[in-house]
Amino acid sequence: MSKQQVTEFSKLIEESKIEDIREEVNLVLEGQYKYAYEAMMDAYNAGLFVGLVGPVGCGKTALCRKFAYDLNQEFYWVTFSDLVRPSTLIGSFDPTLVFKFGFSPDSYIPGPFSLAALKGGVFLANELNRGDEYVLNSMLDTMEERRLYIPQLKTWLRAKDKFYVIAAMNPAELRGTRKLPSAIKDRIKVWIHLGYPPKSLEQKIMVANCPEYQLSALTQEKIIEIMTQCRQDHAVERPPSLRTSIGLARFVSQRAQRLNIQVDNKLIAESARLILQDSIELRPGTDAEQFIKNILTKVIGVS
Ligand SMILES: Nc1ncnc2c1ncn2[C@@H]1O[C@H](COP(=O)(O)OP(=O)(O)OP(=O)(O)O)[C@@H](O)[C@H]1O
Ligand SMILES: [Mg+2]
């Protein structure tokens, strides 16, 4: 790397630094979200860990962020997958520092889980059931006994009283997920199940996520009805998420603005064809293009 590149990169790092990792989340806290939020607060105050289960894009992570923000504690998270190892959670030793200082606290780089435990923060185990059992087990002692063992330091460390764990995951039948090991499942005592919200609430959430655009109530209803029809159809294996209704609303609004036209059914149909194609998964043997055309004809009479 040239000296110029190094300077440019350091500048980028400096500009992009997030001083406060907690970010305010503007959530529509109604219906199932209000119910879940209140249950999360009760679980927290009762000293019980909480888990959220729900389909793709129904608002689990957004709710966890809001919860962590409102608790006013430091917030750490890991999104689990096969690539996450115990060292991703607990931390590891920097070999060059070990060479200098040996296995000492000075050469230890903590992971988000150990940081949350030692600093008394909130740790979000995002997509918990996409993690390897061996990795999940590395959190058990800290969750139960509130202490953390770092073998190289030959020391047990105590987690601060405020240390708290929340988990979010898709239901077990979804592709890429595993059955949660009973040891971890039993340590999370309050499980809250979310689904896609009813039409009126989804419409509110969609509008809240497009603050810079103005869509007529009729267009909003049409977009939500397209989502509802997709979700109700047996040919759909993975239904459209809230990201899809929000995405369609934003795309339609942006197109209408650029073309300087009013949103009409033709514009909704051509936008929906673009967005829906890869936002849903259909049962094998179902023709996606035809499926989308049928839904659009049913809802807005144009495909
Ligand atoms: N109650 C809500 N109020 C406002 N926006 C919301 C609400 N619920 C969800 N959203 C928005 O919907 C989108 C999807 O939410 P989120 O990412 O939390 O879903 P998720 O359930 O974690 O999805 P995944 O299963 O893919 O991880 C986000 O843009 C989020 O901000
Ligand atoms: Mg999520």
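How many residues of domain 1 are in contact with how many residues of domain 2? Nine residues of domain 1 contact nine of domain 2. The model is predicted.

**View 1. The two domains of the protein chain.** The domain assignment places domain 1 at 18-193 and domain 2 at 199-300. Taken over C-alpha atoms, the domain centres are 34 Å apart.

**View 2. The side of domain 1 that touches domain 2.** Nine residues of domain 1 meet nine residues of domain 2 here. On the domain 1 side, four of the residues are nonpolar and four are polar. One is charged.

**View 3. An open sheet of five strands.** The strand order is E2-E5-E8-E1-E9. Pairing is parallel. Strand E2 (75-79) and strand E9 (188-193) form the edges, each pairing on one side only. From one strand to the next, the twist averages 20 degrees.

**View 4. The E2 edge and its partner, strand E5.** E5 spans residues 122-126 and runs parallel to E2. Five bridges join the two strands. Trp77 stands opposite Leu124 in E5. Helix H6 (residues 112-119) packs on the sheet and touches both E2 and E5. The direction of H6 makes about 155 degrees with that of E2.

**View 5. Helix H2 across three strands of the sheet.** H2 covers residues 31-45. The helix lies across strand E1 (49-53), strand E8 (164-169) and E9. H2 runs at about 175 degrees to E9, an edge strand of the sheet.

How values were computed:
Residues are numbered from 1 along each chain as its sequence is written. Chains are lettered from A and ligands numbered from 1 in the order in which they are written. This is a predicted model: local features need pLDDT of at least 70, side-chain atom pairs count only at pLDDT 80 or more; totals for chains, interfaces and linings use all residues. Domain bounds come from an automatic or database domain assignment. Two residues are in contact if their C-beta atoms, placed from the backbone, lie within 7 Å. Ala, Val, Leu, Ile, Met, Phe, Trp, Tyr, Cys and Pro count as nonpolar, Asp, Glu, Lys and Arg as charged, and the others, Gly among them, as polar. Two strands pair if DSSP finds at least two bridges between them. Helices (H or I, at least four residues) and strands (E, at least two) are DSSP runs, numbered from the N terminus. Axes are lines fitted to C-alpha atoms, for helices over the stretch in contact, and angles run from 0 to 180 degrees between N-to-C directions.
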